[in-house]
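Trainee: Could you take a close look at the aromatic pairs for me, and then follow the trail to whatever sits around them? I'd like one connected walk-through rather than a list.

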Amino acid sequence: MSRQLPRGFGWLMATQFLSSLADNALLIVAIAHLHHLGSPLWWAPLLKFAFTLSYVFLAPFIGALADAVCKRSLMAWMNGLKLLGALALLYGVHPMLAFALVGLGASAYAPAKYGLLTESVPPAALVAANGWVESAVVLSVLLGTVLGGLLVAPLWLQSSAAAGAGALWPLSAGASSAALNVSMAIVIVLYALSALCNLRIVPSGASYPVRGRRPAQMLADFRHANALLWRDRSGGLSLTVTTVFWGLGAMLQFAVLLWAVQALGLGLDQAAYLQGVVALGVVGGAVLVASRLRLRHATAVLPLGQFMGAFMVSALFISDWRAAVPVLLAVGALGGMMVVPMNALLQHRGHRLLTAGQSIAVQGFNENLSILVLLGLYAGLIALELPAQHVMALAGLGLILFIGGTLWRRSRRTGLKALSGHLLRRD
């Protein structure tokens, strides 16, 4: 790990990793819970929808909260709120409501985590730091989906170990089976371990002027910050790319699960492993680009988005999981190579223009609004019984067109500037 990275950086990665690991394992367990309850297929993305609502509606306030208090303490409290949401699911609260509570904790956890990163790491090491953090995040997605797959696999649910533990577990009404209760309890242990790692994080010591705390003033400040970041040339470009990327990524998370079941003939547990292949690719792409790319060259990765979209379109022609694995690995790798530099550029510009917490809150608002819109679109398409591979192909085509348009606008702007400079020199 680079010498420029601050003391305690490893513990920041560890607590984030375990908390995100628990989030992703809990999602698979909750989907299995919905299946046991006989819920329709389009309910599954609504779990993520409920999780994401707080990111959007609380964005004007969580940035100010992250700047007003110690970010390490805020991370601890929000991790506790996630744990409370998992306990609510265990006690029989409806999965949508329980996931909304987990999302409430996650929405304030994010600006605290990334704000602490931006405050602690010098700009020269920001791409490398983002590479490490995003690799840890995506590795947690990978292992979380694999763990979730194991926790809902028939081999585990029907095992004597799960049955024995389930018989001793007092909360038999919490899930559709005693074994699923044990699976949820395992996830809760991960949140507890994350809380222990959080104790070793070193606060940055950064402080910011106290802004207005009236809701109307906070909302006005947020609107100003949002407009300021969108108007900035580099900030607006990176914000556009990451917003589209995370919206498509959330859609892809569920589309891969359903595609694996519908077209490849896999069970939910096996589909979760296939979903993890995408995350594995993202880790590889993130590590590769973090070690080779400087912040000033961040926009050079944009053309990779068109290749990523092309691989997503190829889902139309795949009917065997052995052919799906390399395609999904490539999709993940290209995505990782794109999102790490764009994320670092966005954080750098945001920190220059705004405070750390405010910058991350603006980023979270836009990215999660995109997630809500695209998950709602995905749920509607699935409710209309459109095959998952067609949804993936449409998403891939949309990505190709979006990146193509972005590159065309950049080249046109560059050409106009060059022409203007040439005319001025002639005069």
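Mentor: Sure. The count of aromatic pairs comes to three. Keep in mind that we're looking at a predicted model. One of the pairs is Phe51 with Phe99, a tilted arrangement with 6.2 Å centre to centre and 55° between the planes. Phe51 sits in helix α2 (residues 44-57) and Phe99 in helix α5 (residues 95-120), so this pair ties together parts that are 48 residues apart in sequence. Both Phe51 and Phe99 are buried.

Another of the pairs is Phe245 with Trp246, and here the ring centres are 5.2 Å apart with the planes at 85°, so we call it edge-to-face. As for burial, Phe245 is at 12% relative accessible area and therefore buried, while Trp246 is partly exposed because its value is 27%.

Now let's follow each pair outward. From Phe99, go to Leu27: leaving out residues up to four places away in sequence, Leu27 touches Leu47, Phe99, Gln253 and Phe254. Leu27 belongs to helix α1 (residues 9-36), and its relative accessible area is 6%, so it counts as buried. If you want a distance for one of those contacts, the C-alpha atoms of Leu27 and Leu47 are 7.6 Å apart in space, with their positions 20 residues apart in sequence.

From Trp246, the next stop is Glu367. Again setting aside residues up to four places away in sequence, Glu367 touches Thr242, Thr243, Trp246, Asn343 and Leu346. You'll find Glu367 in helix α15 (residues 356-383). Its relative accessibility is 9%, so this acidic residue is buried. The Glu367 side chain also makes a polar contact with the side chain of Gln363, at 3.0 Å.

That brings us to charged side chains. Side chains of opposite charge can pair when their charged atoms come close. How many salt bridges are there in this model? There are three.

Start with Lys82 and Asp23, whose closest N and O atoms are 2.9 Å apart. Lys82 is in helix α4 (residues 71-90) and Asp23 in helix α1, so to speak a link between distant parts of the chain, 59 residues apart. Both of these partners are buried.

Next comes Asp232 with Arg349, where the closest N and O atoms are 2.8 Å apart. This one also links distant parts of the chain: Asp232 is in the loop between α10 and α11 (233-262), Arg349 is in helix α14 (residues 321-353), and they are 117 residues apart. Asp232 is buried because its relative accessible area is 16%.

Then there's Arg322 with Asp320, with 3.1 Å between the closest N and O atoms. Arg322 is exposed, at 53% relative accessible area, and Asp320 is partly exposed, at 28%.

Let's finish on the surface. Val189, Leu193, Leu196 and Leu199 form a nonpolar patch there, with about 390 Å² of accessible area together. One of its members, Leu199, lies in the loop between α9 (178-198) and α10 (215-231). Its relative accessibility is 61%, and the cut-off for exposed is over 50%, so Leu199 counts as exposed.

Note on methods
Residues numbered from 1 in each chain as written. Predicted model: local features only at pLDDT ≥ 70, side-chain atom pairs only at ≥ 80, totals over all residues. Heavy atoms only, no water. Patch = residues over 30% accessible without salt bridge, like charges linked within 9 Å, V, L, I, M, F, W, Y side chains within 5 Å. Areas by Shrake-Rupley, 256 points an atom, 1.4 Å probe, with all protein chains shown as cover. Salt bridge = Lys/Arg side-chain N within 4 Å of Asp/Glu carboxyl O. Helix = DSSP H or I, 4+ residues; strand = E, 2+ residues; numbered from the N terminus. Buried < 20%, exposed > 50% of the residue type's maximum accessible area, 1.4 Å probe, protein only. Polar contact = N/O pair within 3.5 Å; in protein donor to acceptor, adjacent residues only side chain to side chain. Contact = heavy atoms within 4.5 Å. Phe/Tyr/Trp six-rings, centres within 6.5 Å; stacked < 30°, edge-to-face > 60°.
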